[in-house]
Amino acid sequence: MKESSRPHLSRCSVALGLVCLLSACGGGFHKKWSDREVFSILRSKSSHVPNSGNDLLSILPPKAVDLEKMIRNTKLEEFLGDRAVIEKDAKVLTLPDALGLGVGHNRTYLGQKESVYLTALDLTLARHQFAPIASGIGSGAYVGNNVEGAINQFTTEHTITSNGTVGFSKLTSIGTRIAADLSTDFVRFFTGGVRNLGDSKLAVTLAQPLLRGAGSLSVTEPLTQAERDVLYAIRDFTQYRKTFAIDIASAYYQALQSRDAARNAYVAYSTIKDTLVAQKALVEATRPGKTQSALGLLQQAELNYHRRWI
């Protein structure tokens with residue numbers, strides 16, 4: 001018999017393990033798993049840091065600010081002069097509102113929270129190194145060929161080939177790594193009769209460092225340091241949050257203080273202006289020559305208060 005050069009069906013090879021992994025474990029699965037592990041770590045570690053609170057248990061994007069819930073300003077302040085119209089119908093920001101906006105929308109603050117999250121995420125990787133790690137991969141292929149026998153007589157030959165590997169690995173606290181791999185190959189032919197060929201292999205590996213990297217202290221040091229880094233990150237963020245709240249409150253009260261200073265300057269300017277008008281009337285009505293010096297001092301004071309106000 002002579003085999004034709006053109007295959008009857010195209011050959012296809014599918015990585016079965018990869019398909020199963022992509023279908024069952026998408027990006028959403030990994031995100032949920034990471035959040036669950038990280039927030040569990042942060043919840044546990046936060047109990048060891050005083051005043052850490054529950055603010056670390058979420059890194060969701062901030063919600064849009066609802067301006068309708070804020071108080072609207074309906075009063076025009078005289079001391080603002082021509083700029084008083086700017087504040088008409090403006091939203092009044094209270095100190096709790098300022099703190100809430102800072103915590104929810106300040107880029108630096110959100111960056112600090114994300115840094116804590118990433119530190120806890122590194123800890124999950126360090127813990128994963130000592131967890132049982134399973135792996136698996138498989139592939140399959142189907143081939144169909146036309147085999148030419150007698151004249152104008154063809155026989156179709158079908159071949160199915162599959163292979164798979166399942167593995168297991170575990171790192172102990174003393175540095176011993178235990179690994180086991182099971183692989184199997186399977187071939188099936190369809191040419192009138194059925195023939196099967198199969199082959200399986202099992203391999204077990206045990207590795208123990210003797211010099212470099214030997215001993216439990218050397219092996220578990222990265223995990224111990226990762227555990228400490230999470231505590232340090234939570235502690236630093238707790239301290240930063242206190243400083244951040246103080247800075248927001250200080251800036252808020254400084255704005256109020258500047259506003260009161262402008263109001264006081266306007267009141268002083270209005271008072272000295274009224275006094276100057278009264279003094280001018282007194283000078284014109286009584287003794288002009290003897291009160292010119294006092295009038296000049298009042299005019300100079302009016303200019304100084306006006307400069308302070310504007």
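These legends walk through several close-up views of one predicted protein model.

Residues are numbered from 1 along each chain as its sequence is written, and side-chain values use heavy atoms, with hydrogens and water left out. Because the model is predicted, local features need pLDDT of at least 70 and side-chain atom pairs count only at pLDDT 80 or more, while totals for chains, interfaces and linings use all residues.

**View 1. The whole chain, to get your bearings.**
The protein has six helices and seven strands; these are DSSP runs, numbered from the N terminus, with helices being H or I of at least four residues and strands being E of at least two. Follow the sequence and you meet them in the pattern β-α-α-β-β-α-α-β-β-β-β-α-α. Of the 310 residues, 22% are buried. Here buried means under 20% relative accessible area, exposed means over 50%, and partly exposed is in between (1.4 Å probe, protein chains only). Look at contacts between residues at least 6 apart in sequence, and 64% of them join residues at least 24 apart; contact means heavy atoms within 4.5 Å.

**View 2. Y109 meets F237.**
A pair of aromatic rings is described by the distance of the centres and the angle of the planes. Rings of Phe, Tyr and Trp (its six-membered ring) pair if their centres lie within 6.5 Å, and planes under 30 degrees apart count as stacked, over 60 as edge-to-face and the rest as tilted. A search of the whole structure turns up eight aromatic pairs. One of them joins Y109 and F237, a tilted pair at 5.4 Å centre to centre with 55° between the planes. This pair links distant parts of the chain: Y109 belongs to helix 4 (residues 107-128) and F237 to helix 5 (residues 216-285), 128 residues apart. Both Y109 and F237 are buried. Ring pairs also tie Y109, F237, Y240 and F244 into a cluster.

**View 3. Other rings: Y252 with Y253, and Y305 with R308.**
The ring centres of Y252 and Y253 are 5.8 Å apart with the planes at 85°, so this pair is edge-to-face. Y253 is partly exposed, because its relative accessibility is 48%. Over at Y305, the partner is a charge: the charged end of R308 sits over the ring, 5.3 Å from its centre. That label applies if NZ of Lys or CZ of Arg is within 6 Å of the ring centre and within 35 degrees of the ring normal.

**View 4. The largest pocket and its lining.**
Rolling a probe the size of a water molecule over the atoms shows where empty space is left. On a 1 Å grid over the protein atoms alone, using a 1.4 Å probe, a pocket is an open set of points with protein on both sides within 12 Å along at least five of seven lines, and lining residues have an atom within 4 Å of a point. The largest pocket holds about 440 Å³ of space; points are joined across faces, edges and corners, and the volume is the space filled by probe spheres set on them. Its lining has 20 residues, and P62, K63, G100, G104 and H105 lie nearest the centre. Helix 3 (95-105) and helix 4 are the elements that give two or more residues to this lining. Helix 3 gives the most, with six. Sorted by class, the lining has ten nonpolar, four polar and six charged residues. Nonpolar covers Ala, Val, Leu, Ile, Met, Phe, Trp, Tyr, Cys and Pro, charged covers Asp, Glu, Lys and Arg, and the others, Gly among them, are polar.

**View 5. V49, P50 and N51 in a loop.**
V49 is in the loop between helix 2 and strand 2, and counts as buried because its relative accessibility is 12%. Leaving out residues up to four places away in sequence, V49 touches L231, I234, R235 and T238. V49 and T238 are 189 residues apart in sequence, yet 8.3 Å apart in space, C-alpha to C-alpha. P50 shares the loop between helix 2 (27-46) and strand 2 (71-72), but is exposed at 61% relative accessibility. P50 and I234 are 9.9 Å apart, C-alpha to C-alpha, with 184 residues separating them in sequence. N51, also in the loop between helix 2 and strand 2, is exposed at 59%. Its phi is near 60°, a positive value in a residue other than glycine.

**View 6. T124 in helix 4.**
T124 is found in helix 4 and is buried, at 12% relative accessibility. Setting aside neighbours within four places in sequence, T124 is in contact with E37, V38 and I41.
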